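Got your viewer open? Load the model, keep the selection tool handy, and follow along stop by stop.

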Amino acid sequence: MTAEPDSTAVQAPSPADRSAPTGRRGRRAADVPALVEGARAGDARSVARLISLVEDASPLLREVAAALAPHTGRAQVLGLTGPPGVGKSTTTTGLVRALRQAGRRVGVLAVDPSSPFSGGALLGDRVRMADHAGDSGVYIRSMASRGHLGGLAWATPQALRVLDAAGCDVVLIETVGVGQSELEVASLADTTLVLLAPGMGDGIQAAKAGILEVADVFVVNKADRDGADQTARDLRAMVSLGARHGLAGAWTPPVVRTVASRDADTGIDQLLARIEEHTAWLSSSGEGRRRRVERAAREVEAIALAQLRARLGDVRGSAALGMLAEQVVAGETDPYAAADELVAQL
Ligand SMILES: Nc1nc2c(ncn2[C@@H]2O[C@H](COP(=O)(O)OP(=O)(O)OP(=O)(O)O)[C@@H](O)[C@H]2O)c(=O)[nH]1
Ligand SMILES: [Mg+2]
């Protein structure tokens, strides 16, 4: 597999859909079963097409989800989050390198949940990640929200499933920003890494404001800079104050120092060791299963709510609503009873 240069780039039709009729965007309509077969066989174009279908909220999404389902649930999902410029992409690249050396197949989703445009930081990521271009064991994809209401929260789990079905042993999700996006990444990942750097007072403030809740492992990157020890100490102090981590059998987030930009002696191996410990804890404590069930529940809920909202949208301006409104005006019924009747008709 190769790096996907840009989700909006012109793509040649993959072997799977050459004979299919032309769909919207002038592309050929997808043969979903063939695309899923292609993805499972490691065909990068099939993976790219499937993720594009997801990202575009294609009408085929339902079929894609059904076809993927039997082939998912195996990948280990790692989330990386932290303030802009802290070294998330550099660390991701280091993790990919180490995981490849260990013979694991890796997927990377670089998600920018807040930015309405694609470019900037993500473009930079693509350049750096070009290290791995041509390695068929790595699949890299940037996703930007492109003005989608509600960001990419709904699309990312599906993109994850595509990479999972495509045989990625590990999927890394990098997200930019501090705030709501942390929580979204955390809800997708089995293990969430929160990156900070020395001298980033803001980062620590953000950590106090909520990152602490989502971090499974803290990474003090740029440990070659002054103040790394202090930052690590501050984090450890915060962790020890966190009540939930004091409970017997609970996980205490370790603090790992890295210099991701170096060629050697980066600390990435130590980071991977802590990740493996967390993975073992997820499995022995049952927390891993619990998190996955919680993740699925939230996803089902979001889809159900979207469907209800769409149906309510259909009701707007409908004859039934008009009639009920007339009855309310005439005093023949009250708005609550009218609403009950409307909901019953959904
Ligand atoms: N000194 C030092 N610089 C680093 C280290 N890790 C990354 N950098 C540099 O920090 C800058 C930002 O790194 P990125 O990996 O792009 O950071 P990021 O968190 O992905 O940035 P955004 O995606 O824009 O939020 C780059 O110039 C890196 O070379 C490190 O350990 N030490
Ligand atoms: Mg980045």
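Start by selecting arginine 295: with a relative accessibility of 16%, this residue counts as buried, because the cut-off for that is under 20%. Keep in mind that you're looking at a predicted model. Now add aspartate 190, which is buried too, at a relative accessible area of 8%. Their side chains meet in a salt bridge, 2.9 Å from N to O. Arginine 295 sits in helix 11 and aspartate 190 in the loop between helix 7 and strand 5, so this pair ties together parts 105 residues apart in sequence.

Stay on helix 11 and pick glutamate 287 and arginine 290, whose side chains also form a salt bridge (2.9 Å, N to O). They are three residues apart in helix 11, so about one helical turn separates them. Glutamate 287 is buried at 17%, while arginine 290 is partly exposed at 46%. Add Asp216 and Arg291 to your selection, and you have a network of salt bridges that links them with Glu287 and Arg290.

Next, show the surface and colour Leu305, Leu308, Leu312, Val343 and Leu346. That's a nonpolar patch with about 400 Å² of accessible area together. Helix 11 gives the most to it, with three residues. Leucine 305 lies in helix 11 and is partly exposed, with a relative accessible area of 40%.

Time to go inside: which residues touch the most other members of the largest nonpolar core? Select Val47, Leu50, Leu109, Leu163 and Ile173, out of 33 residues in that core. Helix 2 gives the most to this core, with seven residues. There's a second, separate core of 23 residues as well, including Leu80, Val106, Val108 and Leu271.

Now show helix 2 by itself (residues 44-55). Of its 12 residues, 11 are buried, so the rest of the structure largely encloses it. Try the distance tool on its end C-alpha atoms: they are 16 Å apart, which agrees with the span expected for 12 residues. Just after the helix, click on alanine 57, which takes a positive phi of about 50°.

Last stop: the magnesium ion (ligand 2). Its protein donors are Ser89 (OG) and Glu174 (OE), 2.1 to 2.2 Å away from it. Serine 89 is in helix 4 and glutamate 174 in strand 4, so the pair ties together parts 85 residues apart in sequence. Are these two buried or exposed? Both serine 89 and glutamate 174 are buried.

Conventions
Residues are numbered from 1 along each chain as its sequence is written. Chains are lettered from A and ligands numbered from 1 in the order in which they are written. This is a predicted model: local features need pLDDT of at least 70, side-chain atom pairs count only at pLDDT 80 or more; totals for chains, interfaces and linings use all residues. Side-chain values use heavy atoms; hydrogens and water are left out. Donors are N, O and S atoms within 2.8 Å of the metal (3.2 Å for Na, K and Ca); water is not among the atoms, so sites may look incomplete. Helices (H or I, at least four residues) and strands (E, at least two) are DSSP runs, numbered from the N terminus. Buried means under 20% relative accessible area, exposed over 50%, partly exposed in between (1.4 Å probe, protein chains only). A nonpolar core is a set of buried Ala, Val, Leu, Ile, Met, Phe, Trp, Tyr and Cys residues joined through side-chain atoms within 4.5 Å. The expected span of a helix is 1.5 Å times one less than its number of residues. Patches are made of residues with over 30% relative accessible area and no salt bridge: like charges are joined within 9 Å, nonpolar side chains (Val, Leu, Ile, Met, Phe, Trp, Tyr) within 5 Å. Accessible areas come from the Shrake-Rupley method with a 1.4 Å probe; for residues, only the protein chains shown count as cover. A salt bridge is a side-chain nitrogen of Lys or Arg within 4 Å of a carboxyl oxygen of Asp or Glu.
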